Amino acid sequence: MQRVNLPGSDLNVSPICLGTWQFNGGQVGGDKTWGAMSVEESKKIWDKALETGINFIDTAEAYLNSHSVLGQIMDPSKRRDIVLASKVGNGKGANSAPYTAEDIDQAVTTSLEKLKTDYIDLYQVHWPTIMADVNETVAELKRQQAKGRIRYYGVCNFGPNDLRGFLEAGGQPISNQVCYNLLWRSIEEELLPLCQEKGISLLPYSPLQQGLLTGKFQMPSDVPEGRRRGKLFHKDSTPLARHGHDGAEKEVFQAISEIREVCAKANIPMATASLSWLLQQPCVKSVIVGASNPQQVVENCQRVTLPEDVVQKFSAATDPVKVIFKGDMDQWAYGRSS
Ligand SMILES: NC(=O)c1ccc[n+]([C@@H]2O[C@H](COP(=O)([O-])OP(=O)(O)OC[C@H]3O[C@@H](n4cnc5c(N)ncnc54)[C@H](OP(=O)(O)O)[C@@H]3O)[C@@H](O)[C@H]2O)c1
């Protein structure tokens, strides 16, 4: 698989990054997003990812046991071949106070211990709201970088205002990891051009909208409960929802049906088309995709160049969803990004 440089760094990454939120060591989280996954299954997914040419891995201290599972399955002799991205935030518990410099220092220490490594290649602020103070955060990230415990830093879920504030505080993030996929295009108007202007790479997460963009769910009730927590679904779809939005289930499943039809005519699997579409967007260097088995990793590494007419049909199919969530930076809850 090819390598792509993340500008502002010497990190050369595969265009497909393996997301490891799913690596929960057999423990299902309170949000019920993913089923239990044994360490053995995670190891099979990991091995398949490396075999297929992926060198970019995303984790977070907030992902239940992901750090310790990775610590168990990463081969220390191959550590230098991996670009390891992690995140600070929520490791202290869901409703804990925002992170001070000391908290960030402690979080790096704990993450390194669990991951059984002495550096993290890309360390990201998980949400803007986890920072006690943006100036303090930027200074601490630079201090961690100077100590060699993190190589570069980036942000996640930062909307245009959050990103401007981070830059004004002297931050030089090389990337912004955001929710971006055919069903959630709210970054396109303001955030994407801003990242482009500032030379900040976009790393889309949930690129398959947690499985919806593979086409395997025919109707809202087919979607597992934990994946109906977001604003694409009505607030009453599950008590796990934290958003109070009316959702857009009709528009979402109409869009999926149209994408499915376009893909069938073009003879391209929907997952391949959805991931390839993202990789054709400006500023997108690598897409972070999760898997529940090794076969999905293989499927998700297929890439095609989509013809212009297919791209246009995808836009037309998903515009009705896009207008409902225009500029909304947070699919899961209100007020964490702006
Ligand atoms: N920064 C943040 O705030 C943030 C938030 C969310 C995620 N992330 C990162 O982004 C990564 C990816 O996002 P995500 O896991 O939320 O969503 P995703 O990558 O869109 O969806 C992954 C899930 O879709 C299903 N799937 C994947 N490939 C498939 C295929 N080829 N065919 C059929 N089903 C397939 C699998 O679930 P089933 O087989 O169980 O259906 C898999 O677990 C995460 O692991 C995490 O590293 C970051």
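These are my notebook entries on a predicted model.

**Entry 1: the annotated domain**

I began with the UniProt record, an unreviewed entry, which lists residues 15-316 as "domain: NADP-dependent oxidoreductase". I then looked up the make-up of that stretch. Over residues 15-316 I find 37% helix and 13% strand. The C-alpha atoms at the two ends of the stretch lie 26 Å apart.

**Entry 2: nonpolar cores**

I asked which members of the largest nonpolar core touch the most others. They are Cys17, Val83, Leu183, Leu202, Ile259 and Val287, in a core of 86 residues. I followed cysteine 17 further, setting aside neighbours within four places in sequence. Its contacts are Phe56, Ile57, Asp58, Leu203, Ser286, Val287 and Ile288. Val287 therefore turns up both among the contacts of cysteine 17 and in the list of core members with the most partners, where the core is a set of buried residues joined through C-beta atoms within 7 Å. I also noted a second, separate core of 11 residues, with Trp21, Trp34, Met37 and Leu115 among them.

**Entry 3: helix H2**

In H2, residues 66-73, I find Ser66, His67, Val69 and Leu70 buried. These residues lie on the same side of H2, because they cover an arc of only 165 degrees around the axis. I looked up what they pack against and found helix H1 (39-52) and helix H3 (101-115).

**Entry 4: threonine 117**

Next I took threonine 117, in the loop between H3 and strand E6 (120-125). Is it buried or exposed? Threonine 117 counts as buried, because 20 other C-beta atoms lie within 10 Å. Beyond four places in sequence, threonine 117 touches Arg79, Leu84 and Leu112. I also checked its spacing to proline 76: the two are 41 residues apart along the chain, and their C-alpha atoms are separated by 7.7 Å.

**Entry 5: helix H6**

For H6, residues 191-198, I list Leu191, Leu192 and Cys195 as buried. They sit on the same side of H6, because their arc around the axis is only 100 degrees. I note for reference that an α-helix has 3.6 residues a turn, so residues three or four places apart point the same way. The cover over the buried residues of H6 includes helix H5 (160-168), strand E8 (175-179) and strand E9 (201-205). After H6 comes glycine 199, and I recorded a positive phi for glycine 199, near 70 degrees.

**Entry 6: phenylalanine 166**

Helix H5, part of the cover over H6, holds phenylalanine 166. I count phenylalanine 166 as buried because it has 25 C-beta neighbours inside 10 Å. Not counting residues up to four places away in sequence, phenylalanine 166 touches Val134, Val138, Val155, Phe158, Gly171 and Pro173. I also looked up its distance to leucine 213. The two are 47 residues apart in sequence, and 32 Å separates their C-alpha atoms.

**Entry 7: the shell around the ligand**

Last, I turned to the ligand, which has 27 residues around it. Gly19, Trp21, Tyr205, Leu208 and Gly290 come nearest. Trp21 was already in my notes as one of the second core's residues. By class, I find 9 nonpolar, 15 polar and 3 charged residues in the shell. Which elements supply at least two shell residues each? Strand E10 (287-289) and helix H9 (294-300) do. H9 gives the most, with 3 residues.

Note on methods. Residues numbered from 1 in each chain as written. Predicted model: local features only at pLDDT ≥ 70, side-chain atom pairs only at ≥ 80, totals over all residues. Buried ≥ 20, exposed ≤ 12 C-beta atoms within 10 Å, placed from the backbone. Contact = placed C-beta atoms within 7 Å. Helix = DSSP H or I, 4+ residues; strand = E, 2+ residues; numbered from the N terminus. Arc of directions from axis to C-beta. Near = placed C-beta within 6 Å. Nonpolar A, V, L, I, M, F, W, Y, C, P; charged D, E, K, R; others polar. UniProt positions renumbered as here; feature names shortened; annotations may be inferred.
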